[in-house]
Amino acid sequence: MGKFSQFTKLTDEHVLPERIRKMKVRNCSQVFSSTVATAMKVRAMVSNELTPSSQFYVNPKASDTADLLLFFDILFDSVNGSLSNPPPGKNLRGPLTRKSKHLCTWQNALNILPTMYFKSPSDTKTLISPSIKNWTFTIKGLICIWEKLNKAGFTSLSTRAFNQDPLENFFSCIRSQGGQNSNPTCSLFISYFKSLIVNNLVSPHSIGSNCEEDQSVGVLDPLRSFITDDLPSDGTEEVQNVPLPVFPQDPVSPTSCDTDTDDLATPYVAGFILHKIFLKLECSACRNLMMTEDDLFRNKLIKLRQFSNCRLKHPSTQFSKALERITNLVFKVLPLYISSFNLKQKIFDYISGVDLTHIFCTEHRDTLKKTFLDICINVLIYHYVRRINRILNGKDLRHKDIDILTQKAFQKYSRKLHKRK
Ligand SMILES: [Zn+2]
């Protein structure tokens with residue numbers, strides 16, 4: 001497997017039954033997402049050519065599961081539209097208008113939802129879960145509201161506005177005013193509400209709750225700055241110049257362990273980096289070296305995620321290989337350099353010796369190499385730090401034994417866990 005994951009958002013809390021947090025809507029919606037659906041679909045496709053004993057095998061029937069995930073992803077988006085400029089391929093995240101595809105998506109869903117039910121293999125009885133029935137109610141309700149608003153002259157409707165989170169947040173603030181009394185009477189409610197208005201310093205968002213932050217700004221928000229004004233300095237003087245471990249500048253052999261089916265995530269990341277590079281420079285000679293028109297198997301994931309109006313870039317094999325090599329190098333030195341000052345420059349110096357002449361044209365060889373390495377380092381540091389953070393808070397322990405730093409992070413997490421018990 002490559003260094004990147006195709007399931008970027010998933011952690012142990014999404015997968016391991018004993019760790020799934022049932023009240024977290026976000027975790028659920030991250031599973032029912034197009035990212036997971038396409039990654040699963042491509043794995044299922046790959047598995048058609050693998051034996052079941054292979055490490056990368058998933059049952060090809062997973063393709064159907066992927067279709068279900070995608071169906072709910074679209075449905076979630078359609079009732080969650082608020083962005084005036086939705087990202088490419090996510091038009092349903094925009095508001096409902098006469099031209100948008102919300103209504104036909106809902107009509108389609110109203111046909112599909114009633115056909116869904118649970119059935120145990122040992123029993124003939126079928127069970128329709130309340131969520132499925134309530135989806136139908138929600139959709140019909142939204143259609144009804146839209147028809148009424150439309151008649152009244154409204155041209156668009158933000159479906160995301162229909163949620164009870166602001167109300168829940170408000171009540172949680174009121175309750176927090178009452179101390180132990182979490183069930184105030186009417187008159188107490190009024191006095192709590194008044195004091196809440198006066199000192200609106202309670203976080204409007206209860207941490208760990210099931211609601212997301214609403215966009216409300218506290219009534220007397222500026223008051224906060226009086227209290228929290230003495231900001232600490234930015235802490236730069238604390239950073240000392242840590243002596244670096246000597247690292248051999250060995251010419252690392254390109255790891256060519258992968259057959260095409262192993263690593264579909266690296267080409268995907270490569271496509272993202274290509275996009276960033278082309279923002280800075282357009283050169284057809286470079287383009288020919290870095291991109292490909294061929295239908296490469298390793299670019300399958302990119303192809304599946306291609307929406308009609310978004311042009312994901314298809315990296316050439318040599319470009320993906322170059323990224324893979326850089327990734328290996330950077331991940332090797334990151335745990336050693338991570339706490340040192342000027343981290344980015346240090347990594348840059350370390351990998352600047354890598355030969356990348358074959359992916360850029362002669363004219364742009366030097367400038368583009370710098371750009372390329374710069375973007376790579378940004379992406380990789382982000383990726384690495386996120387991985388460490390996920391180990392520290394116990395969200396994702398898959399990578400706990402990869403290097404000394406991940407091991408240390410895991411030890412720290414274990415100690416914390418031990419103390420809690
Ligand atoms: Zn060029």
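Q: A residue is exposed if 12 or fewer other C-beta atoms lie within 10 Å of its own, and buried if 20 or more do. This model is predicted, so we're working from computed positions throughout. With that cut-off in hand, why does Gln107 count as exposed?

A: Gln107 has 12 C-beta neighbours inside 10 Å. The cut-off for exposed is 12 or fewer, so Gln107 counts as exposed. Gln107 lies in helix 5. The C-alpha atoms of Gln107 and Ile143 are 9.4 Å apart in space, with their positions 36 residues apart in sequence.

Q: What makes Ser47 count as buried?

A: Ser47 has 20 C-beta neighbours inside 10 Å. Buried starts at 20 or more, so Ser47 counts as buried. You'll find Ser47 in helix 3. Leaving out residues up to four places away in sequence, Ser47 touches Tyr57, Val58 and Pro60. Lys61 is 14 residues from Ser47 in sequence, and their C-alpha atoms are 9.9 Å apart.

Q: Is Leu264 buried or exposed, and how do you know?

A: Count the neighbours again: Leu264 has 26 other C-beta atoms within 10 Å. Buried needs 20 or more, so Leu264 is buried. Leu264 isn't part of a helix, though; Leu264 sits in the loop between helix 9 and helix 10.

Q: Which residues does Leu264 touch, not counting residues up to four places away in sequence?

A: They are Gln6, Val42, Arg298, Lys300 and Leu301. Take Val42: Leu264 and Val42 are 222 residues apart along the chain, yet their C-alpha atoms are separated by 8.8 Å.

Q: What is Asn342's phi, and is Asn342 buried or exposed?

A: Asn342 has a positive phi of about 60°, although Asn342 is not a glycine. Asn342 is found in the loop between helix 13 (317–337) and helix 14 (343–351). With 12 other C-beta atoms within 10 Å, Asn342 is exposed, because the cut-off for exposed is 12 or fewer.

Q: Why are helix 7 and helix 8 described as roughly perpendicular to each other?

A: The axes of helix 7 (residues 165–177) and helix 8 (residues 186–198) cross at roughly 100°, and they come within 9 Å. Angles from 65 to 115 degrees count as roughly perpendicular, so helix 7 and helix 8 are roughly perpendicular to each other. Helix 7 makes the contact through Cys173, Ile174 and Gln177, while helix 8 brings Phe189, Tyr192, Phe193, Ser195 and Leu196. Sort the residues of this contact by type and you get six nonpolar, two polar and no charged.

Q: How do you know that the length of helix 15 agrees with what is expected?

A: Start with the expected span, which is 1.5 Å times one less than the number of residues. Helix 15 has 28 residues, so helix 15 should span 40 Å, and its end C-alpha atoms are 40 Å apart, which agrees. The buried residues of helix 15 are Leu368, Phe372, Cys376, Ile377, Leu380, Tyr384, Arg387, Arg390 and Ile391. These pack against helix 10, helix 11, helix 13, helix 14 and helix 16 (404–420). Just after helix 15, Gly394 takes a positive phi of about 70°.

Q: What span should helix 10 have, and how far apart are its ends?

A: Helix 10 (residues 265–280) has 16 residues and should span 22 Å at 1.5 Å a residue; its end C-alpha atoms are 24 Å apart, so the two agree. Among the buried residues of helix 10 are Pro267, Tyr268, Val269 and Leu274. The buried residues of helix 10 pack against helix 11 (284–290), helix 12 (300–304), helix 13 and helix 15 (365–392).

Q: What about helix 4: which of its residues are buried, and what covers them?

A: Ala66, Leu69, Asp73, Leu75, Asp77 and Ser78 are the buried residues of helix 4. Their cover includes helix 3 (34–47) and helix 5.

Q: Where in the chain is confidence lowest, and where is it highest?

A: Helix 9 (residues 223–227) has the lowest confidence, at a mean of 50, and helix 5 (residues 102–112) the highest, at 93. Over residues 229–258, pLDDT stays under 50. Where pLDDT is low, the predicted coordinates should not be read in detail. The protein chain averages a pLDDT of 80, and 83% of the residues score at least 70.

How values were computed: Residues numbered from 1 in each chain as written. Predicted model: local features only at pLDDT ≥ 70, side-chain atom pairs only at ≥ 80, totals over all residues. Axes fitted to C-alpha atoms, helices over the stretch in contact; angles between N-to-C directions. Helix = DSSP H or I, 4+ residues; strand = E, 2+ residues; numbered from the N terminus. Parallel < 35°, antiparallel > 145°, perpendicular 65-115°, else oblique. Contact = placed C-beta atoms within 7 Å. Nonpolar A, V, L, I, M, F, W, Y, C, P; charged D, E, K, R; others polar. pLDDT = per-residue confidence, 0-100.
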